[in-house]
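Welcome! Please take a first look at the structure below, and then we will walk through a few of its local features together.

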Amino acid sequence: MKKVFKLLIFFLIALIGTAHSQEINITLLNPKFSVSSKDTFTLEIQTLNETAECKYSNSPLLKFEDIQSQKNIFINVDNHVHRIINFTDLENTENILRKIYIKCKTSQDIVNENESVEISLRVDSSPPVFLESGAEPSHVIERLKTNLIIEADDEISCRYDDTYDEYGNMRYTFEQEGIPVISLNNVSFSRVRKQELNQTTPIKIHDSENYTIFIACMNRAELISETTTVDFSVDLNAPNMILDYGPSGFVNGTKVELYIETNRDSVCYYGQNYQNKFSTEHKKTHKAEIYDLEEKKHEIPVKCIYDLGGSDGYKKIQFTVDNSPPENLTIETDTFVCNNDELKAEFEAKDNIGVSYYQYKIVDSMNNIVADWKNSDSGAEEDGLNLVYNREYYWVVKAVDTAGNPSAEIRSSGTVVYDQNHTECKMESLPVVSINTYDILNGKKVSLVCVDYGGACISRQYYVLYEDDPKCKSCSNCSFSYYTAPVDIYKTAEFCYKVEDNDGNVVEGSRMIQLTMECSSGNDGCCLGAEDNVCDEDCEINEDPDCTNKNITSNDKDYDGMPDAWELKYNLNSNDYYDYNKDPDNDGLTNFEEYNLTLVYGDSTNPMKADSDGDGFEDGDEVKKGTNPLDKNDAPVLTEEDKKKDTDGDGINDITEEECGLNPKDKRDAEKDYDNDGLNNKFECERGYKLRKADSDGDGFTDSEEYNKGTDPLNKEDTPKGSLLSVILYIFPVVIMIILISLFLMKKSKKTIPPAKRPAKITQDITQKQAQPLEQEQLPFQQEQVQENKKAESSEKKDIPKLDAGDKIFRRRHLLKNKKRDHLFDVFIDGQEKKQKTIKDKRIKKESSAKINKSAPKSIFQRLTELITENKTFIKLDILLKKKPQDSEKIDTLAKKQMEKSQDSLNKLDKLIKK
């Protein structure tokens, strides 16, 4: 039986060994790093043990025998290597990850049926592009060490050298550092690579030398980037320097954050005699907050002591605190407008240090926001609006001075929007001028027509300006004549005009009258320029706005290539030839280019609106990038260059600025602080805080308070510890207990027993021992009070009934008990253990010397109230909290100790009273 059992064991071991020996281990040979540079390539794998056949599929659940398509079957090369020569599953899938599942069969017909190998494949035909490169630090002045840092748009593996600039020749490889790092075939890839250089690395750093390092990188498709160079210098003898410090200029509020940046690690101090230390030590950047600043100019001396020795650094931080907002803010607007897509306003305010900018929004009579808060220098013009006719609109404006103080919001008077046919609009409309020409023998006859809706043209003037006119060079300084009849012109000239209607509206302009000319070659009558006589071979309509083009129809009176109806639609001047080359919406396209898009898209863009389709991209940008500026769904794909574009150079890319509500073309708004929470707009925008709300998460703490204390300004549940609220929660129960005990004692003191007569001898002794010192030291007004009290007592004694012996004994015991209680209370309050008479004498003398205006001894309730009032602990806590809000742990500890001490004292007092 034992032999059979042993044989069974050997059989199982052999079976397991055989199965293990037939284990299929599959690795990818090509593409080497699972990414191919072409979408058709040779797919090659290798198995650890011999395999007869391998197949792949797009599902791990598909069985081996069910995979029958020839394209899914590998060619067996040598029972270990298997390949598919033209693998086409990744055609047209640039940078799209695809997964395949491989199963193989051994010569013993064993298949990894339930353990198919998953392989991820991708196509990337672009070499990596560097986003950032440099050395940190680039000027080595402290230690012989720096870091080469490379960031790319793809996962990369990098090499570097100080001699060879080609990737294949570079001798050194970046260490496996990056975020994150993917290691394939002993090669690591990541988007960020870092390599330290020091005295022990292949390229050794030495003092007083300059270095140029060549760096090139390979992506997982084995495509090589361009070589970049990183320069850095070493100078350990460089002088100590303070690189930056602040704040400067004007600031507001009662607290300011000081900051210092040094070129070496240091410890910095500030204030008179440098008695205050910055909280950060042995660093290059130091910050500290100072409080309770007055409105004046401040000079704060700063001293920095460097870790490596050398000369100390000295600076004076100078700034002026100004908390006075701008005043006398005025808003000028129209009482009505005759179009529903535009509103204008002018702002003005006064401030002793100057107005930095204005903030405004537009609302209608129903308080609907038409244009949300924006910034402006002195006025604003909002176009592209969709206003409702016969509705009133208002500007809400506030001025912000140089220190960041905002004025109160001011609301403008209303502007009513009327239709063009409204009586007011017809009365206010400008006169319309038409210049008509007729061919005459050897010249042209020019007529000046003026039409005014709702009024009349009362004056028409003109001047014919020839090129060689000796009297004037432009229409602005010519002597106009009154127009009475058409004017004959026999050579090319500029026809200047000026008309006025009965409402005082004046329209001025000019029109180039071009006589028929012949080109230097050809006979199509279409020239590149009205002055140069150079022919245009194509002579296509709208391509030659400055020519006399026989194909231009009569609906273009000024011959600028833009039809009159189109110009009137967008409030352009159909009689102004030169407006074809203007760009009123600053989108990079001239008026003529915007109209000419009709040939491409069947309609033109709006020359008065920079972004016609409202997709966030200006018309000029869309034309350059080949997308339709009239289709909101056809927007350009943001490139890395677009994402990093920073038009105003304030350190925030344009996209982020628009998301935060900042102006990508205004550099100044980044350093401003819209919500006055102590953090500038750039700082808040980069971290996702709300720029116009001092407390982004609404937890009762400003963003700057939370940031400085290490809590999350965007998480309502994450609040700073040691706040004023926590101190109040500690102290509040103690105060309540003291008040309750005081009320208890006061109530108990009221329950007195009617006085009984004392024996004559006892009364005489007490009167002599207690009353005599008072009479000796009492002030005049106190003596008068005592006499009045004696009279009152004598009148009361007449009404007191005589007491028997038992009542006298009871009263005497009661008085003795009260005296004992007073004695215990005095011992508790003053901490003395003297006899009752000595305590009372000293107290009386102390009151007399201090001239206390009280004729009667203080009650227990009064003494307890004084004790609470004289306790300075709560005041100290409040002062400490204001001066050092960061010391929250100390405050918590102090509050707990005070609560325990107060509770212990109250317990002792209660025990003494009970006794």
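With which side chain does the side chain of Asp-124 make a polar contact? The partner is the side chain of Asn-219, at 3.5 Å. Keep in mind as you read that this is a predicted model.

**Around Asp-124**

To find Asp-124, go to the loop that runs between strand S8 (117-123) and strand S9 (130-136). Besides Asn-219, the side chain of Asp-124 also reaches a backbone atom, the nitrogen of Ser-126, at 3.1 Å. Asp-124 is buried, yet it has no salt bridge. Its nearest side chain of opposite charge belongs to Arg-122, 4.0 Å away. Leaving aside residues up to four places away in sequence, Asp-124 touches Val-35, Ser-36 and Ser-37, as well as Glu-94, Asn-95 and Asp-154. Asn-219, Ala-221 and Leu-223 are also touched by Asp-124.

**Two asparagines with positive phi**

Asn-95, one of the residues that Asp-124 touches, has a backbone feature of its own. Its phi is positive, about 60 degrees, although Asn-95 is not a glycine. You will find Asn-95 in the loop between strand S6 (81-87) and strand S7 (98-105). Asn-95 counts as partly exposed because its relative accessibility is 44%, which lies between 20% and 50%.

Asn-390 also has a positive phi, near 65 degrees, and is a residue other than glycine. Asn-390 sits in the loop between strand S29 (379-383) and strand S30 (392-401). With a relative accessible area of 57%, over the 50% cut-off, Asn-390 is therefore exposed.

**Two cis peptide bonds**

Now turn to the peptide bonds listed here, each of them cis.

| Residues joined | Omega | Place of the proline |
|---|---|---|
| Asn-30 and Pro-31 | about 0 degrees | Pro-31: loop between strand S1 (26-30) and strand S2 (35-36) |
| Gly-246 and Pro-247 | about 10 degrees | Pro-247: loop between strand S17 (242-246) and strand S18 (249-251) |

**A nonpolar patch on the surface**

Which residues form a nonpolar patch on the surface? They are Val-432, Val-449 and Val-451, and together they have about 190 Å² of accessible area. For one of them, Val-449, the place is strand S34 (residues 443-451). Why does Val-449 count as partly exposed? Its relative accessibility is 33%, and partly exposed means a value between 20% and 50%, so Val-449 belongs in that class.

Note on methods
Residues numbered from 1 in each chain as written. Predicted model: local features only at pLDDT ≥ 70, side-chain atom pairs only at ≥ 80, totals over all residues. Heavy atoms only, no water. Helix = DSSP H or I, 4+ residues; strand = E, 2+ residues; numbered from the N terminus. Buried < 20%, exposed > 50% of the residue type's maximum accessible area, 1.4 Å probe, protein only. Lys, Arg positive; Asp, Glu negative; His and termini not counted. Polar contact = N/O pair within 3.5 Å; in protein donor to acceptor, adjacent residues only side chain to side chain. Contact = heavy atoms within 4.5 Å. Patch = residues over 30% accessible without salt bridge, like charges linked within 9 Å, V, L, I, M, F, W, Y side chains within 5 Å. Areas by Shrake-Rupley, 256 points an atom, 1.4 Å probe, with all protein chains shown as cover.
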